[in-house]
Amino acid sequence: MSSLHDRHLAVSPDWLALYYKRPLELTHGEGRHVWDADGRRYLDFFGGILTTMTAHALPEVTKAVSEQAGRIIHSSTLYLNRPMVELAERVATLSGIPDARVFFTTSGTEANDTALLLATAYRGSNQILAMRNSYHGRSFSAVSITGNNAWSPTNLSPLQTLYVHGGVRTRGPYAHLGDAEFIEACVADLEDLLGHTRTPAALIAEPIQGVGGFTSPPDGLYAAFRRVLDRHGVLWISDEVQTGWGRTGEHFWGWQAHGRNGPPDILTFAKGIGNGMSIGGVVARAEVMNCLDANSISTFGGSPVTMAAGLANLSYLLEHDLQGNARRVGGLLIERLRAIGAGSECVREVRGRGLMIGIELVKPGTDEANPEAAATVLEAAREGGLLIGKGGGHNTSVLRIAPPLSLTIPEAEEGAEILAEALRSVG
Ligand code: PMP
């Protein structure tokens, strides 16, 4: 009998499952832990961003899903659907966007695709400004705006994309500048770009770049961009697929770190808000959302069962102040990891906010990316009982930490200990 790993060749792409040399089959989860097929338990420091916003197998979500599945799952586009309406009302209010409407999808890709469709139609332009090193999904239009070649498999493009500086603070041409000068330089760059282009539809940006290695600009960059964009009538799309729902601790949405000039015109979300059920969505004011004059529906977007999951998960998140937990526990964890990083020649920077923390690894004594070390630490952490992620441009030399938002202080300490040990394996 061939192993599940061998049989995985039937799935494309087969290499993605090989996150570890010895692929990991997860069989169940609870709280912040998951178990593999051999019964081994791991602390999950990555699933929080992928799927599990609050906690694995959260009883409130499981109950809501199974009750709704046992009641009815039908079209959300032809008939009224109570969980969808209720979730739309709550998300519209939480978004901060005035007169907001919500369109539900099944993924972050589809949410960004919809945002691009709306922005280009609203503005009558197919030119998009995107950030270097960004990632926005895998559809044709999403890969064509992604500023990270490793995740953009084609040069053919349905959109004309122009790339803007600013998403990465500590590398690139402005890295040596102080925060205020950094923002000034990026704004000047944007002004210059706009002076040489026709009429872009929108700027799309992740407030903290996820796949790009948890990099962020200084607070206020997007507020400064906003002033320029407004003068040109260009919309601002904030991709909150990784930064939304309180993950960054200080703010409910990532854009709020730049919030002086108000909310974005369009906000997209996905991933963990369904706690594993496939939800995505777009929020925009009615005028933008209603600019399409043809039917545009998503059969499974807004499915009652995913909406029930989203509602239960969102209620839990708010009632238990998981944003506050991300701020408190994430703050301690970053401090701990900085202390650990200070003792390692391979750690260039420990950065992040709340429970979205990146550890950038370099070759000792240099500024050169060290993907080999990242791969080694990932394996060593797994051996120690901790799952983490990696990312960062082409070189995947950034360890990514994004646990479920209910992480406790003892769990944070335990994870930091395992990581300290794993880092010792690369010096
Ligand atoms: N935007 C961002 C910022 C993401 O990180 C991702 C997924 N990594 C997406 C969009 C795409 O989401 P999905 O994989 O659900 O299509």
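The overall size of the protein chain in this predicted model can be checked against a simple rule. For 427 residues, a compact globule would have a radius of gyration near 22 Å, and the chain has 21 Å, so the value agrees with that of a compact globule. Along its principal axes, the C-alpha trace spans about 60 × 55 × 45 Å. Within this volume, 53% of the 427 residues count as buried. The chain holds 13 helices and 15 strands. Among contacts with a separation of 6 or more, 75% are between residues 24 or more positions apart in the sequence.

One helix, α8, can be looked at in more detail. Helix α8 runs over residues 221-232. At 1.5 Å a residue, its 12 residues should span 16 Å; the C-alpha atoms at its two ends lie 17 Å apart, which agrees with the expected span. Which residues of this helix are buried? They are L221, Y222, A224, F225, R226 and L229. The cover over these buried residues includes another helix, α7 (179-195), together with the strands β7 (202-205) and β8 (235-239). Just after α8 comes G233, where phi is positive, at about 70 degrees.

The surroundings of the ligand come next. There are 16 residues around the ligand, and S107, G108, T109, G137 and V241 come nearest. Helix α5, residues 108-123, gives the most to this shell, with 3 residues. Sorted by class, the shell has 9 polar, 4 nonpolar and 3 charged residues.

A few places in the backbone deserve a closer look. Most residues other than glycine have a negative phi, and most peptide bonds are trans. Against that background, the bond that joins S12 and P13 is a cis peptide bond, with omega at about -10 degrees. P13 itself lies in the loop between α1 (4-7) and β1 (26-30).

Two further residues catch the eye for their phi angles. F214, a residue other than glycine, has a positive phi near 55 degrees. This residue is found in the loop between β7 and α8. Is F214 buried or exposed? With 29 other C-beta atoms within 10 Å, F214 is buried, because 20 or more such atoms are enough for a residue to count as buried. N275 is not a glycine either, yet its phi is positive at about 50 degrees. N275 sits in the loop between β9 (266-269) and β10 (280-285). It has 28 C-beta neighbours inside 10 Å and therefore counts as buried.

The last stop is G385, in the loop between α12 (371-384) and β13 (386-387). Here the count of C-beta neighbours inside 10 Å is 14, so G385 counts as partly exposed. Which residues does G385 touch, leaving aside its neighbours within four places in sequence? G385 is in contact with R41, Y42, L43 and I418. As for E411, it is 26 residues from G385 in sequence, and the two C-alpha atoms are 12 Å apart in space.

Methods
Residues numbered from 1 in each chain as written. Predicted model: local features only at pLDDT ≥ 70, side-chain atom pairs only at ≥ 80, totals over all residues. Helix = DSSP H or I, 4+ residues; strand = E, 2+ residues; numbered from the N terminus. Expected span 1.5 Å × (residues − 1). Buried ≥ 20, exposed ≤ 12 C-beta atoms within 10 Å, placed from the backbone. Contact = placed C-beta atoms within 7 Å. Near = placed C-beta within 6 Å. Nonpolar A, V, L, I, M, F, W, Y, C, P; charged D, E, K, R; others polar. Rg over C-alpha atoms; globule rule 2.2 N^0.38 Å.
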